[in-house]
Amino acid sequence: MSLPVASRRLTWLAVALVVLLAGVSATAGAAAVRADCDVDAGAVVLQPQKGSLDLPAHAIWLDDRRLRWPGVSADGRFRLYYSRNAQIIAAIGARVRGADGAIDVDVDTTTLPETLSQNFAHLGNGVALRVRSADQKQTDRALRMPHVLVREDVNGRLMDVTATQDGAALDARYADAAEHVPLGARLVDGHSEFALWAPTARAVSLCLYPTPMGPASNLLPTQVDTVSGVWRTQRKVDLSNTYYRWLVEVWVPGVGIVRNRVTDPYSVSLNADSARSWIGALDAAELKPAGWDDTPVPPLAAQTDMSIYELHVRDFSINDGSVSEAHRGKYLAFTEPGSRGMQHLRALAQAGMTDVHLLPVFDFSTVPELGCVTPTSVGTPDGPTQQAAVTAVKSRDCFNWGYDPWHYGAPEGSYATDADDAAVRVRELRAAVMALHRAGLRVGMDVVYNHTSASGQAPTSVLDRIVPGYYQRLDANGVVENSTCCANTATERRMMGKLLIDTMLRWARDYRIDSFRFDLMGHQPRALMETLQRRLRGDLGRDVPLIGEGWNFGEVADGRRFVQASQLSLNGSHIGTFSDRARDALRGGSAGDDGDRQVAAQGYLNGLVYAPNRLAPRDIDAQQLMRAADLVRAGLAGSLRDYTLQTFDDRSLPLERIAYGSQPAGYVSEPDEVVNYVENHDNQTLFDIGVFKLPHGTTREDRARVQILGAAFVAFSQGIAYFHAGIDPLRSKSLDRNSYDSGDAFNRLDWSYQDNDYAAGLPPQTDNAASWDLMRTLLADASIKPTPSDIAWTRDAFRDVLRIRASSSLFRMRSAAEIKARLHFLNTGSRQVPTVIVGHLDGAGYPGAKFREVLYLVNVDTRSHTLTLPTERGKHYILHPVHSAAGAADRRPAKNAGIETAPGRFLIPSRTAMVYVIE
């Protein structure tokens, strides 16, 4: 059992002894045989001596010759010791024993190249070291063996010892050649070729299996290319529809020399539970559903035209009785055009939705692909029995969001009708994509390259079992960082970047994925994202929109390790990030709120100042409401840095000078760099936020109206519009703040529009227990739960909002210059009516505008307001055709609004979003 890092250090100094894997097992040096293909996933070939300690890796290679050892003096002599059979014994105060060789490492007094200085600016002060050029080949050998770096006195006695972080050295030594090598299994001219990047491996073999189950049929030796670090083998036959695994013999710090039986990081598909990688050519006719080659992709003229519906594959159909039972929760549910769910999606497409973004459909580790269970959960609206049933089987149930990557380039098997046939999941995911295209919807994919589901020798670890310590981002002690919740990946490493780009190209090329959403994209380098952007455009001949979460946190925060793909670092990239500015202003509070704060921190949509709830602070005033209104306007203007707004205190400021906490409200250069939203899969739904924050006694009708106001703000905002599936039928998750593993019971979608899933019991304890007392009261209140007529009204009103956005390119302008010239806000400054937002859009001469002028007015207040707008005097506005249509869902604009043309006076009904136009 390893000690905590600090304890390890104290132990070495106290007992003056470090033993690095002494003692050789009886199987040491034995070559792999076919039987090894069917034994445990990782078999130790050289075992540690009982009680031995693994070393923290304090020293970091900067390239293949330079190192830095933070916290260590430059006094003494530095040497790198290595041993093929891991017999090094290093005791403080004594000489190193058991090494096969040593390399003298000099103190380096030269100036680091600028690139290295930038890449490793996060390292602490310490001695700079450099391997002599004559020792380069010996250093290459050392990095493939167990090795330690030591500081010795003049008599060769140890003063300090450390393991090393070798990622940058492997990049410098191998990546130039390896980046251009096709990896994985390929079928070429009737031959089957295999390639694996494993530069530190002692030996690599390939296990072949004729079927998903049963013993291996063959074990193939491989040859390594010492320039690229790639191991290759081939068979001069076509092995399509068979399976394989690698046997990789490699030094694993803290464990020993291990023969890992592991799947391929480049797997195109796998059998059930990802036990074996599959051999197949994705261009094979049998992997294409009928019509695949001929089905066109719905066009998209500009990234700002995107209106996105974020959808989970299982949620979409698992509760839809109109879907055949075998297809519920599966890819093939999308292929049933008569189902209620597909009718819903087609209606959204006809109203103006352009894209469906699917939560992860790559192979993830958190759902058993064979034998998963679906709990039965019943109970009272405010009771604990539902969550207890879900929690009891959450590791075995059929539901998870899927943010636990296992194989980045292979489809998830739990959504296939036969998870154990690797070809089925390929064919069925393609069928789902094709069906959505035929419904008029482009298909986006949620990808998670910021972490893996596990690292080290864990069963679901792949990358770290092939090249230990390379693919994962490490802290100052060589421990894997997990700021993103799991084992962070080092996407700054060149071969991790290659894996990202190669698998992304596969999704776009071979599955016709039209766009990508990156989970925690701020943990990746901007340079990598731009390289991906160029490769997609160059290889496919079309732009593939890239959007993602640009949050700035963790070990990479503020550019500590590289220029991030984060909100403040992507200007000019045309890569979109989610904006929390207007989101937080509209909803109130923050995503991390618990307990009473969830109620007290009201937002612009749900009563801030103008409709205080029982816990709202009494010392807030209209100025705070006006500040929130300014942030909402910033969102409507696309969060552009240099868009000028008259603020609540009568200053005219560019949005980058308006504060959003410690950050600027405006942070993008162009509108295609911002994604506007009020809810997504994370945190509570907008309906549930309203349950917490709207005053007690708010009617069901007004709760529905607040929902539509939130959607309208997104639809009217410049940039990309992003909606969570179910925002239109008032989706609730029974107040769950984190439903990633909450099962079907708390993630239900009902396309019959009878139930929004509110009051389905107390949500799971893990992320909600601190608020359970509050939740019980709310969930027991039957007056909150919407009726089917409320759900139907919201569904239809949402489609009208989409129609308005789609009706004019003025809501989707393509450049910052156009927005600055054509969008102007009225009713601003210190004398505004703060609950009413008014935006004017000038359509004169603008392609696709359809109207010469557009005026939108959104009143969030519980009462109507009359505004006189001097700039609009004498203009002959009419209601937008969507509002005046006989089938308009919201009748207030036609029945209760009013306009007096001569003075430019407008009556805006309560909780109403409305648009006037001049044709």
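Me: How many bridges pair strand β3 with β4, and in which sense?
Reply: Here is the general idea to begin with. Strands of a sheet pair through backbone hydrogen bonds, either parallel or antiparallel. In this predicted model, strand β3 (residues 59-61) and β4 pair in the antiparallel sense over 2 bridges. Two strands count as paired if DSSP finds at least two bridges between them. One bridge partner is easy to find: Ile60 is matched with Arg68 in β4. A hairpin of 4 residues joins β3 to β4.

Me: Where do the numbers and names come from?
Reply: Residues are numbered from 1 along each chain as its sequence is written. Because the model is predicted, local features need pLDDT of at least 70 and side-chain atom pairs count only at pLDDT 80 or more, while totals for chains, interfaces and linings use all residues, and side-chain values use heavy atoms, with hydrogens and water left out. Helices (H or I, at least four residues) and strands (E, at least two) are DSSP runs, numbered from the N terminus.

Me: Which other strand pairs with β4, and is β4 mostly covered or uncovered?
Reply: β4 also pairs with strand β8 (residues 126-131), in the antiparallel sense over 5 bridges. There, Pro70 stands opposite Gly126 in β8. As for cover, 4 of the 5 residues of β4 (residues 66-70) are buried. Buried means under 20% relative accessible area, exposed means over 50%, and partly exposed lies in between (1.4 Å probe, protein chains only).

Me: What does the hairpin of β9 and β10 look like?
Reply: β9 and β10 have 5 residues between them, and Gly156 in the turn has a positive phi of about 80°. Strand β9 (residues 147-152) runs antiparallel to β10, joined by 4 bridges. Look for Val150, whose bridge partner in β10 is Val161. Strand β10 (residues 158-162) has 4 of its 5 residues buried, so the rest of the structure largely encloses it.

Me: How many strands close into a barrel, and in what order?
Reply: There are 8, in the order β21-β22-β25-β28-β29-β30-β35-β36, with parallel pairing. Neighbouring strands of this sheet are turned by 30° against each other on average, direction ignored. Such angles use axes that are lines fitted to C-alpha atoms, for helices over the stretch in contact, and run from 0 to 180 degrees between N-to-C directions. To trace one pair, take strand β21 (residues 307-311) and strand β22 (residues 355-358), which pair in the parallel sense over 4 bridges. Ile308 has Asp355 in β22 as its bridge partner.

Me: Which strands form the open sheet with antiparallel pairing?
Reply: This one has 3 strands in the order β40-β43-β42. β40 (865-868) and β42 (898-900) are at the edges with a single partner strand each, so one side of each lacks a neighbour in the sheet. On average, neighbouring strands here are turned by 15° against each other, direction ignored. β42 pairs with strand β43 (residues 905-908) in the antiparallel sense over 3 bridges, and Glu900 stands opposite Arg905 in β43.

Me: How do I read a helix such as α9, and is α9 enclosed or open?
Reply: An α-helix has 3.6 residues a turn, so residues three or four places apart point the same way. Helix α9 (residues 494-510) has 17 residues and reaches 24 Å from its first C-alpha to its last, close to the 24 Å expected at 1.5 Å a residue. That expected span is 1.5 Å times one less than the number of residues. Of the 17 residues of α9, 14 are buried, so α9 is largely enclosed by the rest of the structure. Just after α9, Arg512 takes a positive phi of about 55°.

Me: Where does Ser117 lie, and how accessible is Ser117?
Reply: Ser117 sits in helix α2 (residues 114-119). Its relative accessibility is 37%, so Ser117 counts as partly exposed. The C-alpha atoms of Ser117 and Leu62 are 9.1 Å apart, although 55 residues separate them along the chain.

Me: What can I say about the whole chain?
Reply: The chain has 21 helices and 44 strands. Buried residues make up 61% of its 919 residues. Along its principal axes, the C-alpha trace spans about 95 × 60 × 55 Å.
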